[in-house]
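Trainee: I should like to learn how the features of a structure are read. May we go through one together, step by step?

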Amino acid sequence: MINLLFFGRLGDFAKQVPGTIEASTPAEIRQLLAADFPDLARELHQPQVLVSVNKMIVGWDQPLFDGGEVAFLPPVTGG
Amino acid sequence: MTTRIRIQQQDFDLAEEYQLLRQSESAVGAVVTFCGLVRDFELNVDGAESIDSLNLQHYPGMTESLLESIVEEANQRWDLIAITVIHRVGNLAPSEQIVLVGVASQHRADAFESAQFLMDYLKTQATFWKSVTGNGKQQWIESKASDQQAAARWDGSGDE
């Protein structure tokens, strides 16, 4: 299973999303979520949204392994 | 180089942080500090809206390592003796302190420039997200193109 995290405004769209999913890439997760959460999936397709695996920024085709942590990151606004 | 990186809910004391930077080595000839504060309004498409509180979210573990990379990059680009970065998270009220960047170096140019670099990179690369509450509704702050432009000036070979 892959653990899912949604930060910033993405969290508002992901309140009903289960915390874990079976998938082999972040792109597949996005595709799987589109069925039940089309608004969230649309947000995840925004080009500014980044994805990390185990706290490292990666590409959407990064292979995932059981127990991994995938986080979806909207543009940052700290400071 | 001495580094202090903190992500915390509690406030920080600028005078205390300044003394730590100042006393980090006897070679210190310049200290620059920057503090970011919570404004009592937020500019958006509808104009200026007053806010009651600001909330800062971060990604524990990842945010710390991104700050470490940004600090390391500043250390490679300038001749620095000490760097302090403190960023608060959680709920903050208007006029509270959000962030402190402090740099100690032998000469002022290194301290001034690296402090700006650290803030520009922190604002565009470190995983923090702000939301504000005002008039009973919460909204996420949008990232600003001006922040991206400020960070982009440090790219390339210094020919800006």
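Mentor: Let us begin with a definition: a salt bridge is a side-chain nitrogen of Lys or Arg within 4 Å of a carboxyl oxygen of Asp or Glu. Please keep in mind that this is a predicted model.

Trainee: How many salt bridges does the structure hold over all chains?

Mentor: Over all chains, the structure holds 9 salt bridges. One of them joins A:R42 to A:D39, with the closest N and O atoms 2.5 Å apart.

Trainee: How are A:R42 and A:D39 placed in helix α3 of chain A?

Mentor: These two residues of helix α3 of chain A are 3 residues apart, so about one helical turn separates A:R42 from A:D39. As for their surroundings, A:R42 counts as exposed because its relative accessibility is 53%, and A:D39 counts as partly exposed because its value is 42%.

Trainee: Which salt bridge in chain B may I set beside that one, with its N to O distance?

Mentor: Consider B:E73 and B:R77, whose side chains meet in a salt bridge at 2.9 Å, N to O. Both belong to helix α2 (residues 62-77) of chain B, and they are 4 residues apart, so about one helical turn lies between them. B:E73 is partly exposed, with a relative accessible area of 30%; B:R77 is partly exposed as well, at 36%.

Trainee: Is B:R88, which also forms a salt bridge, buried or exposed?

Mentor: The cut-off for buried is under 20% relative accessible area. B:R88 has 5% and is therefore buried. The partner of B:R88 in the salt bridge is B:E96, and the closest N and O atoms are 3.1 Å apart. B:E96 is partly exposed, with a relative accessible area of 26%.

Trainee: Which residues are linked with B:R88 in a network of salt bridges?

Mentor: The network links B:D11, B:R88 and B:E96.

Trainee: Let us turn to a helix. Which residues of helix α2 of chain A are buried?

Mentor: In helix α2 (residues 26-36) of chain A, the buried residues are A:P26, A:A27, A:I29, A:R30 and A:L33. They span an arc of only 155° around the axis, which means that they sit on the same side of α2(A). On the other side of α2(A), A:Q31 and A:A35 are exposed.

Trainee: What covers the buried residues of α2(A)?

Mentor: The cover includes β1 (2-6), β2 (20-21), α3 (38-44), β3 (50-53) and β5 of chain A.

Trainee: How should I read a single residue, such as B:S105 in strand β8 of chain B?

Mentor: One starts with its place, then its exposure, then its contacts. B:S105 lies in β8, which covers residues 97-105 of chain B, and it counts as buried because its relative accessibility is 0%. The side chain of B:S105 reaches the backbone oxygen of B:H107 at 2.7 Å. B:S105 and B:L80 are 25 residues apart in sequence, yet their C-alpha atoms are 4.6 Å apart in space. Leaving aside neighbours within four places in sequence, the contacts of B:S105 include B:A27, B:G29, B:L80 and B:D110.

Trainee: How many residues of each chain are in contact where chain A meets chain B?

Mentor: There, 18 residues of chain A are in contact with 24 residues of chain B. The area buried between the two chains is about 1700 Å², and carbon and sulfur atoms give 61% of that area. Of the area that chain A buries against chain B, A:V76, A:T77 and A:G79 supply 41%, more than any other three residues.

Trainee: What does the rule find across this interface in salt bridges, and what is the count of residue pairs in polar contact?

Mentor: The rule finds 0 salt bridges between chain A and chain B, whereas 11 residue pairs are in polar contact, both residues being at pLDDT 80 or more. On the side of chain A that touches chain B, the elements giving two or more residues are α1 (9-13), β4 (56-58) and β5 (69-73) of chain A. β5(A) gives the most, with 3 residues. By kind, the residues of that side divide into 9 nonpolar, 5 polar and 4 charged.

Trainee: Which residue of chain A is in contact with B:T124?

Mentor: B:T124 is in contact with A:V76. B:T124 itself is in helix α3 (residues 108-125) of chain B and is buried, with a relative accessible area of 16%. The side chain of B:T124 reaches the backbone oxygen of B:D120 at 2.9 Å.

How values were computed: Residues numbered from 1 in each chain as written. Chains lettered and ligands numbered in written order. Predicted model: local features only at pLDDT ≥ 70, side-chain atom pairs only at ≥ 80, totals over all residues. Heavy atoms only, no water. Contact = heavy atoms within 4.5 Å. Buried area = accessible area lost by both parts, 1.4 Å probe. Polar contact = N/O pair within 3.5 Å; in protein donor to acceptor, adjacent residues only side chain to side chain. Nonpolar A, V, L, I, M, F, W, Y, C, P; charged D, E, K, R; others polar. Buried < 20%, exposed > 50% of the residue type's maximum accessible area, 1.4 Å probe, protein only. Arc of directions from axis to C-beta.
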